[in-house]
Amino acid sequence: MGDLRAPYLIGVAGLVGLYYGSAHLGFWLGFSGPVAAIVWLPVGVGISFLYLGGMQYWPGIVIGDLLVNNYTTLPLGSALGQSAGNLLEVVLATMLLRRLSASGSPLATLTGLVAMVGSLAAGTLASAIIGSTSLWIGGAVTASMWPHVFRTWMLGDFCGALLVVPLALAWAQPPRGGPWLRGRVLEILLLLGAIMILSEIALHTRDPLAYLVFPALMWAAISFDQRGATLAVLITAGFTIWGTTHSFGTFSVRSINSSVLNTQLYIVVASLSALAVAALVSERATLVEGVRESRARLVETADTERHRLERNLHDGAQQRLVALAAHLSLSAEEAAERPSEAPLLFEAAEEELLVAIEELRELAHGIHPPVLRDYGLERALTTVVARTTVPIALTGIPKTRLDATVEATAYYVMLEAITNAQKYAHASSIHVVTALTPGMLTVDVSDDGLGGAVEQMGLGLQGLRDRVEATGGHFRIESRPGHGTHICATIPATVLEPA
């Protein structure tokens, strides 16, 4: 038991230290105070720690926040309410972030980034409401001050989360493509120099020059993905906050409320812009890598299929045709010697020829079903349904003729999904829904079977993904054990014949 508790206690103590240290760093640098802050770093520290380390370390948030409170400035009730709101903020944001980005890094896609921003916004909104209201009830602020305190509180927490959480998530993951610095030291030095010089220029003028640094932020995001983007934003925000707190730069104006608001909005815009570009770059890199791997698998699959066809032709129809040629040769000799038996000999040769033709026909059918080629997707799927023992509900099957590649792709997606549902998932019902929109065919197949289906190299689902993505479409599978399987494919489609 002691062996299990020691790492946990060390983790809680570490979170307390980081939370307390980041708060006092803000106090020392002058951008955080007992009531509100331009940037409140502890919220980002807390969310990052719980997201990466585990929700069980939440007591560290409570202890750290209670230690940070200034009980000589704030009423005890307000301070405790503030701590309760800060705990709720971190826990709520972390739980939403874990739930909404369960499939991968929140920074890797625009969808994940939106989920992360929404999670952080929800948490900071809760804290701002509870904290501002606690201060008002305790008499620390007046009713007229409440909107300003709420706005500053929420944006300050949101900025702290935007600066720290993406930084922690980006640097906790190994860099894409090997060592991050290899052969790029000069570019990194040039990039850091550009960020610092442009930020320094903005500090020495009241003109709106702070946004000159944005091209450098985009450079960091494009060349060095999430790691470069988060680090560049942190450096830029550091210059901007220091200038505002020391009455320098673009956002240093006579109204403290305007200075704080403009600085916070600048940090939000800079962070989201750099992170969005980095997410787009990551999505593009993932797409390119997926297409490259998919093409390699398709080449390998095509080569394997070619060898299979060669074997089938050699072992089947070719052997029969060779035997038929020999049989005809012998029959010609026998017919010359015994003309009366010629009809029987040629009848036997005809039977062998028909068998060879049937084998070739079956082989050709295996490549492309004739009912699909001749009558289209609707008739082909109706034929499949008629042969199955599991009830299948077909909805929205297009009656129009589509491009042959589209029809074949949709057919094999549905066929593989239906076959898997019967053979492996032991489903009692299957639902097939298709939707034809301008330029796109969507195929959804769901069942109530065992679930737990996974894509494996060389097997059916992986082949379906390759087939769909080779057309420029998208393939998605959801299959939790005990909850059935849902397969969705979107395929670029061209209508050839109207219904």
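This passage describes a helix pair and a sheet in a predicted model.

The two helices are α12, which spans residues 377-387, and α13, which spans residues 404-423. Their axes lie 10 Å apart and meet at an angle of about 15°. Because angles under 35 degrees count as roughly parallel, α12 is roughly parallel to α13. The crossing of the two helices is right-handed. On the α12 side, the contact is formed by Leu 377, Ala 380, Leu 381 and Val 384. Helix α13 contributes Glu 407, Ala 410, Tyr 411, Met 414, Leu 415 and Ile 418. Sorted by class, the residues in the contact of α12 with α13 comprise nine nonpolar and one charged, with no polar residues.

The sheet is open and consists of five strands in the order β1-β3-β4-β6-β5. Pairing within the sheet is mixed. Strands β1 (392-395) and β5 (474-478) form the edges, and each of them pairs on one side only. From one strand to the next, the twist averages 10°. Within the sheet, β4 (residues 440-447) pairs with β6 (residues 485-492) in the antiparallel sense, over eight bridges. In this pairing, Leu 441 is placed opposite Ile 491 of β6.

Helix α13 also packs on the sheet, where it touches β1, β3 (430-437), β4 and β6. The direction of α13 makes about 5° with that of β4. Helix α13 is thus in contact with α12 as well as with strands of the sheet, β4 and β6 among them.

How values were computed. Residues are numbered from 1 along each chain as its sequence is written. This is a predicted model: local features need pLDDT of at least 70, side-chain atom pairs count only at pLDDT 80 or more; totals for chains, interfaces and linings use all residues. Side-chain values use heavy atoms; hydrogens and water are left out. Axes are lines fitted to C-alpha atoms, for helices over the stretch in contact, and angles run from 0 to 180 degrees between N-to-C directions. Helices (H or I, at least four residues) and strands (E, at least two) are DSSP runs, numbered from the N terminus. Angles under 35 degrees count as roughly parallel, over 145 as roughly antiparallel, 65 to 115 as roughly perpendicular and the rest as oblique. A crossing is left-handed if the near helix is turned anticlockwise from the far one by less than a right angle, and right-handed if clockwise. Contact means heavy atoms within 4.5 Å. Ala, Val, Leu, Ile, Met, Phe, Trp, Tyr, Cys and Pro count as nonpolar, Asp, Glu, Lys and Arg as charged, and the others, Gly among them, as polar. Two strands pair if DSSP finds at least two bridges between them.
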